[in-house]
Amino acid sequence: MRRSALLSAASVLAFTVTFAPARPGVAATSTATDAVDVTLGEYAFIISGTLKTGGTIRYRNIGREAHMAGMARLKPGKTLEQMKKAIAANDEKAMGLVADEVSLPGVLLTPGNSVDITVPTLTAGNYALICFLPAEPNGPPHFMKGMVGQLTVEASKAKAPSNDATYNVTPGKALVGPNTLKAGRHSLAINVGGGAEELELLLLSAPKGVGVAAIKKQVDELFAGADKGVYPKGSGEKMAKLIVFAAHDFRKDRKVSFGVDLKPGSYIMAAVDTDIDTLPNPLLEQLAIKVT
């Protein structure tokens, strides 16, 4: 699972799996809903039920550490237990035989924050949810502590959410959309242009007009020892003051919705590139938003 671009200094276990053609979906049942709750904490996913195709995942981090939901679609006949064994062994080949990597609606979520993610192209199937972040201050990855879960998506179609603001993402350009919003609950539609497949969406808290580059510098300093598997104690709570959420790259998704509760203050919506550390100017795709 690819790490969030802004958190590229973090010691997140990475693996690559091969995408496979679409397959027949999970049969519809009477229990699936348009939205499910996925609660993240130390160290487990709590998943409220079965989701309809294209439905909304309502993520909430109730823990004191940052958590992520990396997603992988289990291949027919493969099980979550097989995926757990492959991950624990850090066996990339075995992971690729068990599941296909999925980007959105994967997410990194900081303590106390929540976000709803709706991806219309999310197909029916069984998905492994995996947190690869290391435990604070120098513990093993969260999945080694049991933070692996399964989300089932069935073939019946979910009702699309009603969006109240729309933002357009184009590589190399600032985001286009409302730069002022009222405090409260919002459902934000993101329209993605061609060539933006590698961009990842982030919502950042920007006190006193702090920009993306400054926030990245603070995160890099916070995780200076992350390459050695060290997350300083309390780093998740510190990160929560900077990052609301980071959603994995768009890939082929051309329209995605994000539901967020916004308090009064200054924010930055950014669609940064996964190569943020190597590109000459990877921070163009952003927009300052004032919430009153």
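## Exercises on a predicted model

Not counting residues up to four places away in sequence, Gly 54 touches Thr 118, Val 119, Pro 120, Leu 122, Lys 157 and Ala 158; here contact means heavy atoms within 4.5 Å. Before we dig in: this is a predicted model, where local features need pLDDT of at least 70, side-chain atom pairs count only at pLDDT 80 or more, and totals for chains, interfaces and linings use all residues. Residues are numbered from 1 along each chain as its sequence is written, and side-chain values use heavy atoms, with hydrogens and water left out.

### Exercise 1: Gly 54

Task: work out where Gly 54 sits and whether it counts as buried or exposed.

Solution. Start with the address: Gly 54 belongs to strand β3, residues 51–61. Strands (E, at least two residues) and helices (H or I, at least four) are DSSP runs, numbered from the N terminus. Next, accessibility. Buried means under 20% relative accessible area, exposed over 50%, and partly exposed in between (1.4 Å probe, protein chains only). Gly 54 comes out at 7%, so it counts as buried. Finally, try a distance: Gly 54 and Ser 156 are 102 residues apart in sequence, and their C-alpha atoms are 9.0 Å apart in space.

### Exercise 2: the buried side of α1

Task: find which residues of helix α1 are buried, and say how they are arranged around its axis.

Solution. Go through residues 80–88, which make up α1, and you'll find Leu 80, Met 83, Ala 86 and Ile 87 buried. Looking down the helix axis, these buried residues fall within an arc of 120°, so they line one face of α1. The arc is taken from the directions from the helix axis to the C-beta atoms. A handy reminder: an α-helix has 3.6 residues a turn, so residues three or four places apart point the same way. Now ask what lies over that face: the cover of the buried residues includes β4 (67–74), α2 (92–98), β5 (99–109), β7 (125–130) and β8 (148–157).

### Exercise 3: backbone oddities

Task: pick out the cis peptide bonds and the positive phi values listed below, and place each one.

Solution. Keep the background in mind: most residues other than glycine have a negative phi, and most peptide bonds are trans. Take the cis bonds to start.

- Leu 104 and Pro 105 are joined by a cis peptide bond with omega of about 10°, and Pro 105 is in strand β5.
- From Glu 136 to Pro 137 the bond is also cis, with omega near -10°; Pro 137 is in the loop between β7 and β8.

Then turn to phi.

- Asn 90 isn't a glycine, yet its phi is positive, about 50°. It sits in the loop between α1 and α2 and, at 44% relative accessibility, counts as partly exposed.
- Arg 251, another residue other than glycine, has a positive phi near 50°. Arg 251 is in the loop between β13 (243–247) and β14 (255–262), and its relative accessible area of 13% makes it buried.

### Exercise 4: charged pairs

Task: say which parts of the chain are linked by the salt bridges of Asp 34, Asp 100 and Glu 101.

Solution. Side chains of opposite charge can pair when their charged atoms come close. The rule used here asks for a side-chain nitrogen of Lys or Arg within 4 Å of a carboxyl oxygen of Asp or Glu. By this rule there are 10 salt bridges.

Step one: Asp 34 pairs with Lys 52, with the closest N and O atoms 3.6 Å apart. That links distant parts of the chain, strand β1 (residues 33–41) for Asp 34 and strand β3 for Lys 52, 18 residues apart. Asp 34 is partly exposed at 31%, and Lys 52 is partly exposed at 22%.

Step two: Asp 100 meets Lys 75 at 2.8 Å, N to O. Asp 100 is in strand β5 and Lys 75 in the loop between β4 and α1, so the pair ties together parts 25 residues apart in sequence. Both Asp 100 and Lys 75 are buried.

Step three: Glu 101 bridges to Arg 251, the closest N and O atoms being 3.7 Å apart. With Glu 101 in strand β5 and Arg 251 in the loop between β13 and β14, the pair ties together parts 150 residues apart in sequence. Glu 101 and Arg 251 are both buried. Bring in Asp 249, and you have a network of salt bridges linking Glu 101, Asp 249 and Arg 251.
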